[in-house]
Amino acid sequence: MERVNRIWNHPAYQEALGKLTAYEAEREFCRHTPEHFLAVARLTYLLALEQGVEADKEIIYAAGLLHDMGRYLQYENGTPHDEAGVMLAGPILQECGFSEGESAEVLKLIGSHRTQSDARDLPGLFYRADKLSRSCFLCPAQEDCNWPEEKKNLEIRL
């Protein structure tokens with residue numbers, strides 16, 4: 001996980017995280033925090049193990065850390081955060097020692113994490129993990145949330 005820690009410590013990543021944190025400081029609904037990023041990675045890896053999907057832990061954790069980093073650009077100029085995330089993550093992955101093929105895998109997960117999928121492949125698992133990572137049953141803003149009721153996690157589940 002050395003390269004994942006390089007991502008965490010990368011100046012561009014920390015800058016993006018700082019901007020995102022500032023934009024969401026007063027956000028009433030789910031925030032995009034390191035806890036969320038790690039929950040998505042952990043859930044993806046768990047789902048992959050349970051479903052027998054071949055997956056590289058470092059690829060999953062890299063995607064987990066990076067998948068929402070483009071959100072600050074969505075706040076600034078309206079660029080969809082999955083697209084912005086792909087653009088921002090590429091150079092970071094290269095500088096952190098990921099090969100071209102590994103980077104392509106991570107960027108695919110980032111770029112497709114908002115695309116609904118029931119597929120039993122890594123992008124499908126990553127999409128589901130992103131949604132499962134939210135504990136709506138604990139949320140004080142649940143009543144005002146714009147997520148459809150069928151998407152809300154109103155009980156503990158996996």
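Student: In this predicted model, where does the charged end of Arg 3 sit?

Tutor: A charge is taken to sit over a ring when the terminal atom of the Lys or Arg side chain lies close to the ring centre and to the ring normal, within 6 Å and within 35 degrees. Here the charged end of Arg 3 sits over the ring of Phe 98, at 4.2 Å from the centre of that ring.

Student: Which side chain does Arg 3 meet in a salt bridge?

Tutor: The partner is Glu 58, with a distance of 2.9 Å from N to O. Arg 3 belongs to helix H1 (residues 2–9) and Glu 58 to helix H4 (residues 57–66), so this pair ties together parts that are 55 residues apart in sequence. Both Arg 3 and Glu 58 are buried.

Student: How many salt bridges does the structure hold, and how should I read one that lies within a helix, such as Lys 19 with Glu 15?

Tutor: The structure holds six salt bridges. The side chains of Lys 19 and Glu 15 meet at 3.3 Å, N to O, and both residues lie in helix H2, four residues apart, which is about one turn of the helix. Lys 19 is partly exposed at 29% relative accessibility, and Glu 15 is partly exposed at 48%.

Student: What does the salt bridge between Glu 24 and Arg 71 tie together?

Tutor: Glu 24 lies in the loop between H2 and helix H3 (34–51), whereas Arg 71 lies in helix H5, so the pair ties together parts that are 47 residues apart in sequence. The closest N and O atoms of the two are 3.6 Å apart. Glu 24 is buried, with a relative accessible area of 2%, and Arg 71 is buried as well, at 11%. Elsewhere, salt bridges that share partners join Arg 3, Glu 58 and Glu 102 into one network.

Student: How many aromatic pairs does a search of the whole structure find, and why is the pair of Tyr 23 and Tyr 75 called stacked?

Tutor: The search finds two aromatic pairs. Trp 8 and Tyr 13 form a tilted pair, at 5.7 Å centre to centre with 55° between the planes. Planes under 30 degrees apart count as stacked; the rings of Tyr 23 and Tyr 75 have planes at 20° and centres 5.4 Å apart, so that pair is stacked. Tyr 23 lies in helix H2 (residues 11–23) and Tyr 75 in helix H5 (residues 71–77), so the pair ties together parts that are 52 residues apart in sequence.

Conventions:
Residues numbered from 1 in each chain as written. Predicted model: local features only at pLDDT ≥ 70, side-chain atom pairs only at ≥ 80, totals over all residues. Heavy atoms only, no water. Phe/Tyr/Trp six-rings, centres within 6.5 Å; stacked < 30°, edge-to-face > 60°. Helix = DSSP H or I, 4+ residues; strand = E, 2+ residues; numbered from the N terminus. Salt bridge = Lys/Arg side-chain N within 4 Å of Asp/Glu carboxyl O. Buried < 20%, exposed > 50% of the residue type's maximum accessible area, 1.4 Å probe, protein only.
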